[in-house]
Structure formats: structure tokens, C-alpha cells
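Open the model in your viewer and keep the sequence panel beside it. The stops below are taken one at a time, each with something to select.

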Amino acid sequence: MVFQLCSMGLAGISGYPVEVECCISAGLPNFDIVGLPDAAVRESRERVRAAATSCGFRFPVTRITINLAPAGTKKSGTLYDLPVLMGILAASGQIRLPDKNWVFLGELSMSGELRPVSGVLPMALAAKKAGFDTIVVPEANGAEATLAGDMRVYAPKTVSQLCEHLTGMSPMEPVAPWVPEMDTRTHLDFEDVKGQENVKRALEIAAAGSHNILMVGPPGAGKSMLAKRLPSILPEMSREESLEVSQIYSVLGLLTKEQPLVTRRPFRSPHHTVSPAGLAGGGSTPKPGEISMAHNGILFLDELPEFSKETLEIMRQPLEDGKVTISRVSGSSSYPSRFMLVCAMNPCKCGWYGHPSGRCTCSQKAVDQYLSRISGPLLDRIDMIIEVPAVEFEALSSREKGESSASIKTRVDAARRIQRDRFVGTEVASNGGMPPAQVQKVCRLDEACTKLMKMAFETMNLTARSYDRILRVARTIADLDGSEEIGPSHLAEAIQYRTFKLGRN
């Protein structure tokens with residue numbers, strides 16, 4: 001007898017339907033799973049056998065063949081334990097399953113308990129899109145599955161509980177949709193930062209337009225302190241943005257039963273020893289890396305030249321396209337990676353190059369060698385380069401607090417609202433993400449600005465990419481100023497953030 005039921009699979013962070021076909025036929029006892037299963041799927045045979053016996057069911061002593069269709073797509077993970085067991089029990093006549101509008105996901109313990117699996121959110125969203133109306137997941141994944149909306153979600157603790165529900169002996173109630181509680185966590189505040197008003201202004205502009213920024217300064221100037229406070233002035237995430245980020249974290253198994261939705265913009269700060277695969281993603285079964293975990297948020301790279309050149313260069317394509325594609329022999333996976341790149345570095349190995357005190361002990365050759373670790377093409381993809389000078393004693397000793405993050409965020413939110421209205425109906429979310437065609441349309445310059453831009457282009461030897469990035473920053477400065485047009489002052493300030501040169505001036 002052949003019985004069919006539905007499950008789901010993952011390709012990158014996208015789910016797709018998987019049909020689980022169970023055939024029980026005469027012959028010597030054998031249990032095979034076909035359809036390109038990986039080791040975890042093949043090992044489910046022993047978990048399924050033990051769980052069936054532990055829950056009081058009779059495991060058929062005959063030939064059992066499970067086919068996971070589409071058979072040409074590789075299946076991985078432990079989520080097929082539950083649908084395989086349900087298929088065997090239904091095919092052997094021990095239970096009766098509902099129609100094909102149900103989807104089953106879950107890992108089994110030897111005692112028949114349901115354990116959580118990764119990737120439930122993208123699979124639930126794909127199931128909803130495919131027309132399924134009910135999904136069965138482990139109890140720990142119940143809240144996560146409800147985020148798909150407009151689906152009945154059942155989250156049993158054990159196989160026995162699920163079977164009692166299916167037979168009508170002890171019906172279960174669908175899981176109530178998860179509603180986020182008020183977030184009472186606090187951010188680090190800009191009012192704690194002494195001095196550095198120019199840097200705060202640059203970070204405000206970067207936050208308002210989601211621009212990439214590099215801070216250069218000596219040790220102890222406050223680069224890391226400033227970067228860690230940047231999330232406090234970013235606008236809140238929309239529901240769509242939260243779901244995008246949560247799908248990435250779901251695939252990585254980082255969502256919890258208590259907090260199945262990422263509601264704050266990510267702030268990722270990998271150590272400089274991170275590998276290229278750790279940053280961009282990869283592995284034999286590709287998984288998202290740090291740049292995808294920073295999607296819709298911030299990727300902070302402290303001590304930028306200490307990262308390996310190979311690791312840094314791997315960011316060039318994601319910074320342009322907003323996604324990263326990982327190719328393997330078995331296929332390729334794409335992950336979103338629209339993030340705001342924030343970098344910090346010293347001007348030389350000892351950190352004091354160019355300081356008036358003359359404390360730098362590095363030769364010019366050593367300075368050039370240190371800075372050569374950052375390629376020109378990567379620097380060209382950074383919108384703003386800002387010098388962070390050492391803090392003076394007067395600023396440090398002052399008891400007066402700086403401007404609060406709440407006050408800065410008010411201006412950032414106002415600028416983002418202007419951009420949201422400007423780009424309504426497009427995939428562009430902020431000025432920093434404008435494609436070149438949009439830049440030409442939105443960042444028109446009058447005669448005075450054109451002359452200023454021409455002079456800057458010729459004297460600074462700008463590239464076409466850096467030209468566009470200056471225009472994007474100028475547009476953001478104009479938005480913060482509430483101006484519909486880019487004026488000479490807006491453009492001049494944007495150009496200023498490209499004038500700082502690394503190394504010998």
C-alpha cells in the first residue's frame with residue numbers, strides 16, 4: 001500500500017513542498033529512504049522505529065520504502081522524522097490522517113517526543129504560499145510557525161498526543177498567534193560619549209541613509225564606543241523586515257520559543273579571525289554567515305586591517321547586490337545581505353600615525369604595508385570616511401552630557417520617512433541602497449552644485465562609484481535638513497566625508 005503526505009524542505013532560506021510517499025509491500029524486512037537523503041535523514045530510520053514502539057504502535061515487519069519527492073533535490077536535517085512515522089502508521093492502517101492540506105515537520109526522540117527543528121519559519125511561510133492550511137510542528141516551534149499567519153498550527157509534545165488528536169480521543173487546540181511583548185531592553189546612549197561631535201554628525205547621516213562608514217583614529221579615541229551606540233538611533237524594523245531577518249535566524253536555529261521573531265535590528269561584530277566562510281556563509285550544507293545575520297542591521301568590523309584580505313574582499317559583491325550567493329557542487333544558495341557596514345581602524349600598526357605628539361614609531365613603509373591590507377575597490381564601496389581624533393582633556397573632564405540618542409533618532413526617523421515616501425512601490429528602502437539609475441533621478445544637481453562636483457571629481461580623482469556615493473550621502477544630508485533639493489552646503493559636506501586619505505597626506 002502507498003500512502004502520501006506532505007512535508008517541507010529548505011533551499012537557502014526558502015521553503016518548498018516535499019511529498020513523503022510511503023510504500024509497504026511484501027518481501028524481506030527492509031526499511032529504505034530514497035530521494036537524495038543526507039546522513040541525518042537516513043539515520044531517521046532508527047529514530048522512527050524506536051519512537052513507534054515506545055508509543056505503543058506496531059512497526060511493520062516487512063519491506064518499507066520512503067520516497068521524498070522531488071527526488072532530485074537533496075534533503076537534509078531531522079525534520080522528516082515525524083512525516084515518515086506518520087506515513088508508515090497511516091500506510092499500515094494504524095491511524096488515519098486528514099487530507100493533503102496538512103504539513104508535518106519534526107524530529108523524534110527514541111521515546112516519541114517531538115524535538116524542535118531549524119527553519120520552521122521559512123517553511124511555514126512557504127507552506128502558506130503553497131496553499132496548505134494546517135501545519136504540525138514540535139511544541140518548541142509552535143510560536144514560530146504562527147508568524148506565517150492564516151494557518152492552523154498544532155504543536156504536540158509527543159507522537160501519542162498528536163495521534164490522539166487525529167483520532168478524536170483528545171483534540172488539541174491550535175496554537176494562538178504569537179504577539180510580541182513590549183521591548184524594555186535599553187540601548188547604549190550617545191549622551192555617554194565625550195566630545196567627538198563631528199563623528200556623531202557623520203554617524204547620524206550614516207544612520208539616516210544606511211550608508212557604509214569607516215572611522216579612523218588612534219587607540220582610545222572612542223571608535224568602538226561610538227559604533228556600539230549606533231543601533232540606538234536606527235529606525236525600528238517593519239514587520240516585513242523582522243520576518244526577513246527572522247527567517248535567517250530560524251535557518252541557523254537561533255530563534256527561541258519565547259522570542260521567535262527578531263524585533264531589533266541586528267548588530268553583528270565578528271572577531272578579525274573570522275574565516276571567509278564564517279563571514280559570507282558556506283559549509284558542505286551552505287548556511288548563512290555574518291553578513292546575512294546582519295541583514296537589515298549593522299555589520300561592525302573593528303580593527304579592519306587585521307581581517308584577512310581574502311575575508312574582506314568577499315564582501316565586495318554583497319555590498320553592491322544586497323545578497324550573497326554560495327555555490328557548491330550540489331547547487332547554489334542565495335541569502336539576503338543588505339547591511340550597513342561600519343568599520344573602525346587605527347591609522348597604523350601602533351595606532352599613532354599623524355598624531356601631533358609624534359608617538360608613532362612606524363616607518364612609512366610599515367604604514368603603507370599596514371594600510372595596503374584594505375583594497376581600493378573595497379574603500380570605494382564605503383560612503384563615508386571620518387577621522388576620529390583623540391579626545392581632549394577638557395572634553396573628558398566635562399560633566400556635561402552630550403546629545404541623547406533619542407534626540408538624534410527623532411531626526412533620523414524623519415529623514416527615513418522622507419525616503420520611505422520617495423521609494424514607495426520599489427525595493428529600495430533608503431538612500432544608501434539606491435541603484436545608479438535611481439541616483440540620476442533623485443539626486444539632480446543645479447548649476448552651482450554641478451560646478452562643485454566637477455571640481456571635486458577632478459581634484460580628488462573620483463571613480464564613477466564614489467561619484468554616485470557622494471550624491472547618495474548629499475541626498476541624505478538634504479533629507480535631514482528637510483530640503484527637497486540638494487544644495488551646495490549639502491554637497492560640500494558629503495564631499496568632505498571622502499577627503500580623508502589613509503596614509504601619507
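In which loop is the place of P70? Select P70 in this predicted model: the residue sits in the loop between β4 and α3, the latter covering residues 81–91. Now add A69 to the selection, since the two are joined by a cis peptide bond. The omega angle of that bond is about 10 degrees.

**The whole chain**

Zoom out and show the protein as a cartoon. A count of the secondary structure gives 21 helices and 18 strands. The C-alpha trace extends about 85 × 45 × 45 Å along its principal axes. Of the 505 residues, 51% count as buried.

Switch to a surface view. About 22900 Å² of the protein is exposed, and 51% of that comes from carbon and sulfur atoms. Then colour by charge: 57 side chains are positive and 56 are negative. The centres of these two sets are 4 Å apart.

Contacts can be taken next. Taking contacts between residues at least 6 apart in sequence, 73% join residues at least 24 apart.

**Aromatic rings**

How many aromatic pairs does the count come to? The count is 5 aromatic pairs. One of them is made by F31 and F59, so select both and show their side chains. Their ring centres are 5.7 Å apart and the planes meet at 45 degrees, which makes the pair tilted.

Which parts does this pair tie together? F31 belongs to strand β3, residues 30–34, while F59 is in the loop between α2 (44–54) and β4 (63–69). The pair therefore ties together parts that are 28 residues apart in sequence. Both partners can be checked for burial: F31 has 6% relative accessibility and counts as buried, and F59, at 12%, also counts as buried.

Move on to W102, F104 and Y154. Ring pairs link these three residues into a cluster.

**Positive phi angles**

Select S210, in the loop between α7 (197–209) and β10 (213–216). S210 is not a glycine, yet its phi is positive, at about 55 degrees. Is S210 buried or partly exposed? Its relative accessibility is 21%, so S210 counts as partly exposed. The cut-off for buried is under 20% relative accessible area.

Next select N296, which lies in the loop between α11 (290–293) and β14 (298–301). N296 is another residue other than glycine with a positive phi, here near 65 degrees. With a relative accessible area of 9%, N296 is buried.

**Cysteines**

The last stop is a group of cysteines. How many disulfides does the structure hold? The number is 0. A disulfide is a covalent bond between the sulfur atoms of two cysteines.

Select C350 and C348 and draw a distance between their sulfur atoms. C348 holds the closest cysteine sulfur to that of C350, at 3.5 Å, which is too far for a bond. The cut-off used for a disulfide is within 2.5 Å. C350 counts as partly exposed, because its relative accessibility is 27%.

Finish with C343. Why is there no bond from its sulfur to that of C348? The sulfur in C348 is the closest cysteine sulfur to that of C343, but the distance is 18 Å, too far for a bond. C343 has 0% relative accessibility, so this cysteine counts as buried.

Conventions: Residues numbered from 1 in each chain as written. Predicted model: local features only at pLDDT ≥ 70, side-chain atom pairs only at ≥ 80, totals over all residues. Heavy atoms only, no water. Buried < 20%, exposed > 50% of the residue type's maximum accessible area, 1.4 Å probe, protein only. Helix = DSSP H or I, 4+ residues; strand = E, 2+ residues; numbered from the N terminus. Contact = heavy atoms within 4.5 Å. Areas by Shrake-Rupley, 256 points an atom, 1.4 Å probe, with all protein chains shown as cover. Lys, Arg positive; Asp, Glu negative; His and termini not counted. Charge placed at Lys NZ, Arg CZ, Asp CG, Glu CD. Phe/Tyr/Trp six-rings, centres within 6.5 Å; stacked < 30°, edge-to-face > 60°.
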